[in-house]
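Here's a quick briefing to read with the model open beside you. Take it topic by topic and click through the residues as you go.

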Amino acid sequence: MTYATLTVEIEDSVALVTINRPEVRNAVSRQVLVDLQAALSLLRHDERVGAAVFTGAGERAFVAGADIAQLKTYTLHTALESEMQRVCDDIETFEKPTLAAVNGFALGGGCELAMACDIRIASDNARFGLPETNLAVLPGAGGTQRLARLVGTGRAIELILTGRTLDAAEAHRIGLVSEVVPLADLLDTARAIAQRILAKGPLAVRLAKLVVRSGMDADQRTGLVVERLAQALLYTSADKQEGATAFLEKRPPVFTGN
């Protein structure tokens, strides 16, 4: 399938989703949101795909925020429809692992999109920020919630209220990204991490992601119950048997997702 604002390439079970609007630093428009929703729907059911990597076209920007020309037209009803928030929710709850390969600017909606991914890798020229208060609005695609969960409440409030921009080193130091690499190595690093995940038991990966995500919205005791139930399901799987047998036989496991 072709998209107006995205390219999607599948190689070695990894889908590379590139937001392709370099003339406006890959800014998020309504069409970008439509295309992302369509791509996610297809990738969710594509058996060739085990993980997805999101990035931006060119070297200057991952996603440099919202399309300000469109922002001028937004109303109360636009916010209530919450298209961008829904897209970020879809990425966060995507059943397969997701990685953000952040090249250049990840501001506003771009930072929010990256935070919705499971893992964030940054190039050394990456810049992060939620500058919405400069425009008299706030981060409305999950930024107020996800940033606090990633870096802590106090740091999140400071970053949102000041709207300041972080370089890659500071983003790594506060836990916003897990790794910083040279720009030339960014996609290879993201693909390598995806392949490392794909080598694991697919049911275990899927349930581990689900348990962590659901536990963040519950008290610890409830999270532990969910963890126990997920483990009970995995103990009944053929992949668990294969993993243990392969370990004892000193050979690579052959997982089937069953």
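Let's start with G215, which is partly exposed because its relative accessible area is 23%, between the 20% and 50% cut-offs. Keep in mind that this is a predicted model. From there we go on to the salt bridges, the open and closed spaces, the surface patch and a few loop residues.

**Around G215 and R213**

- G215 sits in helix α10, which covers residues 202-216.
- G215 and V225 are 10 residues apart in sequence, and their C-alpha atoms are 9.5 Å apart in space.
- Helix α10 also holds R213, and this arginine makes a salt bridge with D118, with 2.9 Å between the closest N and O atoms.
- D118 belongs to the loop between α5 and β7 (119-123), so to speak of this pair is to speak of distant parts of the chain, 95 residues apart.
- R213 counts as partly exposed, at 26% relative accessibility.
- D118 counts as partly exposed too, at 23%.

**Other salt bridges**

- How many salt bridges does the count come to? The count comes to 12.
- As general background, side chains of opposite charge can pair when their charged atoms come close.
- D89 and R146 are one such pair, joined through their side chains at 2.7 Å, N to O.
- D89 lies in helix α4 and R146 in helix α6, so this salt bridge ties together parts that are 57 residues apart in sequence.
- Is R146 buried or exposed? R146 is buried, with a relative accessible area of 8%, while its partner D89 is partly exposed at 32%.
- Which residues are linked with D89 in a network of salt bridges? The network takes in D89, E92, D118, R146, K209 and R213.
- R251 and E242 form a salt bridge as well, with their closest N and O atoms 2.7 Å apart.
- In that pair, R251 is partly exposed with a relative accessible area of 31%, whereas E242 is buried at 16%.

**Pocket and cavity**

- The largest pocket holds about 780 Å³ of space.
- Its lining is made up of 31 residues, and A66, L71, Y74, L138 and G140 are the ones nearest the centre of the pocket.
- Which helix gives the most to the lining of the largest pocket? Helix α4 does, with three residues.
- At least two lining residues come from each of α1, α2 (68-71), α3 (76-81), α4 (83-92) and α5 (109-116).
- For closed spaces, a search of the whole structure turns up one cavity of 30 Å³ or more.
- The largest cavity has about 60 Å³ of space.
- C111, F128, G129, L130, L147, L159, R164, L166 and L176 line the largest cavity.

**Nonpolar patch and the loop between β8 and α6**

- I68, L135 and V137 make a nonpolar patch of about 240 Å² on the surface.
- L135 is found in the loop between β8 (127-129) and α6 (143-151).
- L135 is partly exposed, with a relative accessible area of 45%.
- A136 is in the loop between β8 and α6, and A136 has a positive phi of about 65 degrees although it is not a glycine.
- Most residues other than glycine have a negative phi.
- Why does A136 count as exposed? A136 counts as exposed because its relative accessible area is 73%, and the cut-off is over 50%.

**The loop between β2 and α1**

- R25 is placed in the loop between β2 and α1, and its phi is positive, about 55 degrees, although R25 is not a glycine.
- R25 is partly exposed, with a relative accessible area of 30%.
- R21 lies in the loop between β2 (14-19) and α1 (30-45).
- R21 is buried because its relative accessible area is 14%, and buried means under 20%.
- A polar atom of the R21 side chain lies 2.7 Å from the backbone oxygen of A27.

How values were computed:
Residues are numbered from 1 along each chain as its sequence is written. This is a predicted model: local features need pLDDT of at least 70, side-chain atom pairs count only at pLDDT 80 or more; totals for chains, interfaces and linings use all residues. Side-chain values use heavy atoms; hydrogens and water are left out. Helices (H or I, at least four residues) and strands (E, at least two) are DSSP runs, numbered from the N terminus. Buried means under 20% relative accessible area, exposed over 50%, partly exposed in between (1.4 Å probe, protein chains only). A polar contact is a pair of N or O atoms within 3.5 Å; within protein, one must be able to donate a hydrogen and the other to accept it, and residues adjacent in sequence count only if both atoms are side-chain atoms. Patches are made of residues with over 30% relative accessible area and no salt bridge: like charges are joined within 9 Å, nonpolar side chains (Val, Leu, Ile, Met, Phe, Trp, Tyr) within 5 Å. Accessible areas come from the Shrake-Rupley method with a 1.4 Å probe; for residues, only the protein chains shown count as cover. A salt bridge is a side-chain nitrogen of Lys or Arg within 4 Å of a carboxyl oxygen of Asp or Glu. On a 1 Å grid over the protein atoms alone, a cavity is a set of points where a 1.4 Å probe fits but cannot get out, and a pocket is an open set with protein on both sides within 12 Å along at least five of seven lines; lining residues have an atom within 4 Å of a point. Grid points are joined across faces, edges and corners, and a volume is the space filled by probe spheres set on the points.
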